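Colleague: I don't want to use your labels until you've defended them. Let's go through them one at a time.

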Amino acid sequence: MAAFTSLTDLVNHGFDTVIDVRSPAEFALDHLPGAINLPALTNAQRAEVGTIYKQVSPFDARKIGAALVARNVADHLTGPLADMPGGWRPLVYCWRGGQRSGSFASILSQIGWRAEVIAGGYMTYRRLVHGLLYTAPLPHRLLLLDGNTGTAKTSILQCLKDRGVQVLDLEGMAGHRGSLLGATPAGQPSQKGFESHLATQIAALDPDQITVVEAESSKIGQINMPEQLWAKMTTAPRLVMNAPLTARADFLTRAYQDVTSDPSELKKRLEPLRNLRSHAVVDHWNNLLDQGDMTALATALMRDHYDPAYIRSRRIDSRAVLGEISVETLDETGQNQAADAILAQLMKL
């Protein structure tokens, strides 16, 4: 049994492969980052064994379950594990570190591989994630990158990361661009899946270095910000990105091509704003969409909807503003200029 008492230790486990032997449905909801899914029982088999356990007897359920696990492990051995070398060290886990992972690891060990099971299984991991994000205050120093919609903040975060700056891309982890039109084709992860990705990234950060995070609300799409991170963000200082409306419109037109490629879907997303911005305004947006003038549509959306909302939120935001970063374009050159200016500000802190 491999016992872990901190998320950092678990992330830096040192094994060659992490194997999640839970069902595909359990794996899809959440799993250790980097784990592969080699289910000991399929979704249907797990349901079948559970029914037998409740309606027949635990003994019959264990007997049938053991036979199914043995067959499934055999398939994995002749399939994805067929070419693993003799010195391979897998780390195996199931829900609680019980029969599924124990049986799986036992077979691997009998072959000669140095397999171990995570003590407590996924539940141990989940407790460590929850403890980091919801229990103890985070010791990290955050700097928020703020600014109007369309100022390429997420792209600039990547430029900063390329320069060795610690960043947290919350929108990337949440699978959402944080606005009315921010849904992405891949959809959002589960709340637990988001928290897994976030917690392991935070565990890898150096608390003594500043971490740059895009300013967000307490919710990104359907994902809620965990309490300790949100508490840190509400008091963190900000740098504000500025760019001309034309540059922002050009950037949004490029960045939201997946949204504008489906005009009927875009109209559905705009429809709820009739009560907020009036029928005339939304009708004007739809006319621009019908004309195929996406840059004009992006300009109108920012002028009529996003910018007024941002100005209103700024009036009630008490976080300190350390400075403003202004660029004339938001193409690759402009994004790199912004990243260089932000890096210069970080060097002063």
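Modeller: Fine, starting with the second largest pocket: helix H3 (43-55), helix H4 (58-78) and helix H5 (99-111) each supply at least two residues of its lining. Bear in mind that this is a predicted model, where local features need pLDDT of at least 70 and side-chain atom pairs count only at pLDDT 80 or more, while totals for chains, interfaces and linings use all residues. Residues are numbered from 1 along each chain as its sequence is written, and side-chain values use heavy atoms, with hydrogens and water left out.

Colleague: What makes H3 a helix?

Modeller: A helix is a DSSP run of H or I with at least four residues, a strand is a run of E with at least two, and both are numbered from the N terminus. H3 covers 43-55, so it counts as a helix.

Colleague: Why is a space called a pocket rather than a cavity?

Modeller: On a 1 Å grid over the protein atoms alone, a cavity is a set of points where a 1.4 Å probe fits but cannot get out, whereas a pocket is an open set with protein on both sides within 12 Å along at least five of seven lines. Residues with an atom within 4 Å of a point count as lining. The second largest pocket comes to about 640 Å³. Its lining has 20 residues, and Leu41, Arg46, Val49, Gln99 and Arg100 are the closest to its centre.

Colleague: How is a volume like that worked out?

Modeller: Grid points are joined across faces, edges and corners, and the volume is the space filled by probe spheres set on the points. For the largest pocket that gives about 970 Å³. Of the 42 residues lining that pocket, Thr149, Glu171, Arg177, Gly178 and Glu216 are the closest to its centre. Several elements give two or more residues to this lining, among them strand S5, helix H7 and helix H8 (170-174). H16 gives the most, with six residues.

Colleague: What makes a lining residue nonpolar, polar or charged?

Modeller: Ala, Val, Leu, Ile, Met, Phe, Trp, Tyr, Cys and Pro are the nonpolar set, Asp, Glu, Lys and Arg the charged one, and the others, Gly among them, go down as polar. That splits the lining of the largest pocket into 13 nonpolar, 18 polar and 11 charged, and that of the second largest into eight nonpolar, six polar and six charged.

Colleague: And how many cavities of 30 Å³ or more did the search find?

Modeller: One, in the whole structure. Its volume is about 150 Å³. The cavity has 14 lining residues, with Leu181, Tyr256, Thr260, Ala298 and Leu301 nearest its centre. The lining's largest share, five residues, comes from H16. By class, 10 are nonpolar, four polar and none charged.

Colleague: What makes S5 and S10 a pair?

Modeller: Two strands pair if DSSP finds at least two bridges between them. S5 (residues 141-147) and S10 (residues 238-242) have four, in the parallel sense, so they qualify. Asp146 is found opposite Val240 in S10. S3 and S4 (residues 116-117) have two parallel bridges, so that pair makes it as well.

Colleague: Why are S6 and S11 called edge strands?

Modeller: The open, parallel sheet runs S6-S7-S5-S10-S11. Strand S6 (166-168) and strand S11 (321-326) each have a single partner strand, so one side of each has no neighbour in the sheet.

Colleague: How do you know the angle between H17 and S11?

Modeller: Axes are lines fitted to C-alpha atoms, for helices over the stretch in contact, and angles run from 0 to 180 degrees between N-to-C directions. H17 (residues 332-348) lies across S5, S7, S10 and S11, at about 155 degrees to S11.

Colleague: Why do you call Asn148 buried?

Modeller: Buried means under 20% relative accessible area, exposed means over 50%, and partly exposed is in between (1.4 Å probe, protein chains only). Asn148 sits at 17%, so it counts as buried. Its place is the loop between S5 and helix H7 (153-162). Contact means heavy atoms within 4.5 Å, and beyond four places in sequence Asn148 contacts Lys153, Met241, Arg248, Asp307 and Tyr310.

Colleague: And what puts Thr211 in the buried class?

Modeller: A relative accessible area of 0%. Thr211 lies in strand S7, and its contacts more than four places away in sequence include Arg141, Gln166 and Leu205.
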